[in-house]
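User: Got a new chain to go through. Can you walk me over it, starting with the terms you use?
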Amino acid sequence: WFTDTVLKDQDGRELRFYSDVLKDKVVMLNVIFTHCNDACPLITRKLREVREAMGPELARQVTFVSISSDPLNDTPAALKAFARKQGVDGPNWLFLTGDKANVDLVLGRLGQFLPSPEQHSTQLIAGDVAGKRWSKIRPDAPPAAIAQRMQLLAQPLAGR
C-alpha cells in the first residue's frame with residue numbers, strides 16, 4: 001500500500017519507503033518543508049519534546065519520519081541543516097526528500113495530496129506498521145499524551 005518508492009534521507013542515502021523506512025517499525029510521520037517559518041519548526045520541536053517525554057528506551061523503538069512537501073527545494077543538505085537547527089539531527093529520525101514524482105506518490109498514499117508545499121496537513125500519523133495499527137494525532141496534543149500513544153503502539157513489539 002505505501003509503495004517501495006525510493007527517497008533520500010538527510011544524509012543523502014537512498015531508502016525504499018516501505019522496506020527501509022516503515023517495515024516492522026513503530027513510526028511517527030509528519031510532513032514539513034524547510035523554508036516554513038511557523039508550523040513546521042513548531043511541530044518538529046513538539047516532536048522533539050515527545051521523544052524526550054518517551055524516555056530513552058521507548059525513543060529507541062520509534063522511528064520519526066519527516067517527509068518534505070517541497071522536494072524541489074529541500075535537498076538532503078537542506079533537510080540536514082533544518083534537523084540540526086531544530087535539535088533533532090540524531091538516530092531514529094529520518095528527513096526524507098527525493099524526486100518530486102516519488103515524494104508526491106508517497107505523500108499521496110499517506111492522504112497528503114498537495115497543490116503546494118504550504119498546503120500540507122499538520123496532522124501527525126503514528127503507526128505500528130507490522131501490527132497494522134494507525135492513528136492520526138493532532139499536533140497540539142500535549143507531548144506526554146502523544147508519547148503515551150506511541151507507547152501503546154510500541155507495546156506489542158516486545159512480544160515479536
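Analyst: Terms first. Helices and strands here are DSSP runs, numbered from the N terminus: a helix is H or I with at least four residues, a strand is E with at least two. With that, Asp 24 can be placed in the loop between α1 and β3. Keep in mind that this is a predicted model.

User: What is phi of Asp 24 near?
Analyst: Near 60°. That is a positive value in a residue other than glycine.

User: Which other residue other than glycine has a positive phi, near 65°?
Analyst: Asn 92, with phi near 65°. Asn 92 sits in the loop between α3 and β5.

User: Is Asn 92 buried or partly exposed?
Analyst: Partly exposed, because its relative accessibility is 29%. The buried class ends at 20%.

User: Back up a bit. How many helices and strands are in the protein chain?
Analyst: Five helices and seven strands. Along the sequence the pattern reads β-β-α-β-α-β-α-β-α-β-β-α. The radius of gyration is 14 Å, close to the 15 Å from the globule rule for 160 residues, so the chain is as compact as a globular protein of that length.

User: What box do the C-alpha atoms fill?
Analyst: Roughly 40 × 30 × 25 Å, taken along the principal axes.

User: And what share of the residues counts as buried?
Analyst: 48% of the 160 residues. The accessible surface comes to about 7900 Å². Carbon and sulfur atoms hold 51% of that surface.

User: What share of the contacts with a separation of 6 or more joins residues 24 or more positions apart?
Analyst: 72% of them.

User: Charges next. How far apart are the mean positions of the positive and negative charges?
Analyst: 4 Å. The chain has 21 positive and 18 negative charges.

User: On to packing. Which residues touch the most other members in the largest nonpolar core?
Analyst: Met 28, Leu 47, Met 54, Val 62, Phe 95 and Met 150. That core has 29 residues. At least two residues each come from β3 (26-32), α2 (39-61), β4 (62-68), α3 (76-86), β5 (93-96), β6 (124-128) and α5 (143-154).

User: Which element gives the most to this core?
Analyst: Helix α2, with seven residues. In general, nonpolar side chains tend to be buried together in soluble globular proteins.

User: Take Leu 47. What is it in contact with, leaving aside neighbours within four places in sequence?
Analyst: Met 28, Asn 30, Phe 64, Trp 93 and Leu 124. There is also a second, separate core of 19 residues, which includes Phe 2, Val 27, Val 103 and Val 129.

User: Val 103 is in α4, then. Which residues of α4 are buried?
Analyst: Val 103, Val 106, Leu 107 and Gly 108, in a helix that spans residues 100-109. The buried residues of α4 pack against β1 (6-8), α1 (17-22), β3 and β4. Just after α4, Gly 111 takes a positive phi of about 80°.

User: New topic: Lys 80. Where is it found?
Analyst: In helix α3.

User: Buried or exposed?
Analyst: Lys 80 counts as buried, because its relative accessibility is 19% and the cut-off is under 20%. Leaving aside neighbours within four places in sequence, Lys 80 is in contact with Gln 10, Asp 11 and Asp 89.

User: How far apart are Lys 80 and Gln 10?
Analyst: 4.9 Å, C-alpha to C-alpha, with their positions 70 residues apart in sequence.

User: What about Gln 10 itself: where is its place?
Analyst: Gln 10 is in the loop between β1 and β2 (14-16). At 6% relative accessibility, Gln 10 counts as buried. Beyond four places in sequence, its contacts are Pro 76, Leu 79, Lys 80, Asp 89, Trp 93, Leu 94 and Phe 95. The C-alpha atoms of Gln 10 and Phe 82 are 9.3 Å apart.

User: Last one: Leu 96. Which strand is it found in?
Analyst: Strand β5. Leu 96 counts as buried, because its relative accessibility is 1%.

User: What does Leu 96 touch, not counting residues up to four places away in sequence?
Analyst: From the N-terminal part of its list, Leu 7, Lys 8, Asp 9, Leu 15, Phe 17 and Val 21 are among them. Others include Val 65, Ser 66, Ile 67, Ser 68 and Leu 79. As for Pro 139, its C-alpha atom is separated from that of Leu 96 by 20 Å.

Notes:
Residues numbered from 1 in each chain as written. Heavy atoms only, no water. Core = buried A, V, L, I, M, F, W, Y, C linked by side-chain atoms within 4.5 Å. Buried < 20%, exposed > 50% of the residue type's maximum accessible area, 1.4 Å probe, protein only. Contact = heavy atoms within 4.5 Å. Rg over C-alpha atoms; globule rule 2.2 N^0.38 Å. Areas by Shrake-Rupley, 256 points an atom, 1.4 Å probe, with all protein chains shown as cover. Lys, Arg positive; Asp, Glu negative; His and termini not counted. Charge placed at Lys NZ, Arg CZ, Asp CG, Glu CD.
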